[in-house]
Amino acid sequence: MIRRLCIFGVGLIGGSLALALRRGGHCREVVGCSRSEQHLARAVERGVIDSYSLDAVEAVRDADMVLLAVPLGAMGPVCTSIRDALPVDAVLTDVGSAKASVVHAVSAAFGVAPSGFVPGHPIAGTEQSGVDAAFPELFQDRRVILTPLETTRKDALDKVRAMWQAAGAVVEEMSVTHHDEVLAATSHLPHLLAFGLVDSLARMGESEEIFRYAAGGFRDFTRIASSDPVMWRDICLANSEAILEVMKHYREDLDGITEAVKHGDGDLLLEIFRRAKAARDRFCH
Ligand code: NAP
């Protein structure tokens, strides 16, 4: 049972976690903090949080769990604002989509990462954002990756694991570096491809016509290009090294497909498409 949960950024992820914990009776009180009073008031109205403060120091007072659910670029400034106010026994965790940058931001803000800091990342989301997009089932049966540091206290890790399990998630652990490499391939690259493809088509001369005749496949492939641009800019900047590595690999494979089309190499195309179909069918079903 969490006594007082303080959430920085009551949007899709922070709001959904609050809803799940409140619905299950796992949290006595939830306090929100962000930049917009209008957004926070809406969160109270929706029953996502009990109260809010625009003052970070006020918000963390007496909290036993503090969740950072702001865009990656805002993690550092938020941590700096609570540096002297975080209760000593409080557990600090985050939901950032890239982990090394958050660890760096927290360490820089506090001088050294607090022993109660547990980096985390729920592998769940939608292309919607803001508190109105939040729903309590978002994490049901979805994975949450925790990347504890050498300095992380065991009781803090246990508490964060229990919190996500209470929200319905399956919790796993891995190193910060491994997380960032895996997510660069499985999440960050697909988002870059979707954003890039839609932008490229939209800037073509007959874009109106292209979109008018776009069917299901186009919608499936590009759904994630409706995701929040600020969030994805921050992710690309935060995990650039791993993203560049996986993009280099993908670019080489794309060159291979281009060559196969250019030379009418149907056998190679068939081989690639069969391999891809088998892999997707195996992993997604
Ligand atoms: P979101 O719905 O846009 O919510 C972000 C919240 O942060 C907003 O409520 C916003 O409220 C607040 N915020 C933004 N900038 C801020 C700042 N400078 N200082 C204080 N508060 C600020 O975004 P989200 O999808 O929940 O993403 C939040 C985090 O979860 C990100 O770090 C992202 O990497 C991670 N994540 C996202 C997904 C996904 O699929 N969406 C999945 C896993 C992890 P105000 O406008 O009131 O400030």
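**View A. Helix H7, checked end to end.** In this predicted model, helix H7 runs over residues 176-202. How far apart are the end C-alpha atoms of H7? They sit 36 Å apart. With 27 residues at 1.5 Å a residue, the helix should span 39 Å, so the two values agree.

**View B. A bend in H7.** Zoom in on Ala184 and you'll find the spot where H7 bends, by about 50°. Ala184 is also one of the buried residues of this helix.

**View C. The buried side of the story for H7.** Which residues of H7 are buried? Start with Val176, His179, Asp180, Leu183 and Ala184. Carry on along the helix and you can add Ser187, His188, Leu189 and His191, then Ala194 and Leu201.

**View D. Two domains, one chain.** The protein splits into domain 1, residues 2-173, and domain 2, residues 178-284. Measure from centre to centre over C-alpha atoms and the domains are 30 Å apart. Where they meet, 14 residues of domain 1 are in contact with 13 residues of domain 2.

**View E. What gets covered up between the domains.** Together, domain 1 and domain 2 bury about 1,100 Å² between them. Carbon and sulfur atoms account for 65% of that area. On the domain 1 side, look for Leu72, Ser97 and Glu127: this trio supplies 44% of the area that domain 1 buries against domain 2, more than any other three residues.

**View F. A salt bridge up close.** How many salt bridges are counted between domain 1 and domain 2? Just one. Here the side chains of Arg223 and Glu127 meet in a salt bridge, with 2.8 Å from N to O. Glu127 is a residue you've already met, as one of the trio in View E.

Note on methods
Residues are numbered from 1 along each chain as its sequence is written. This is a predicted model: local features need pLDDT of at least 70, side-chain atom pairs count only at pLDDT 80 or more; totals for chains, interfaces and linings use all residues. Side-chain values use heavy atoms; hydrogens and water are left out. Helices (H or I, at least four residues) and strands (E, at least two) are DSSP runs, numbered from the N terminus. The expected span of a helix is 1.5 Å times one less than its number of residues. The bend at a residue is the angle between axes fitted to the seven residues ending there and the seven starting there. Buried means under 20% relative accessible area, exposed over 50%, partly exposed in between (1.4 Å probe, protein chains only). Domain bounds come from an automatic or database domain assignment. Contact means heavy atoms within 4.5 Å. Buried area is the accessible area (1.4 Å probe) that two parts lose on being put together, summed over both. A salt bridge is a side-chain nitrogen of Lys or Arg within 4 Å of a carboxyl oxygen of Asp or Glu.
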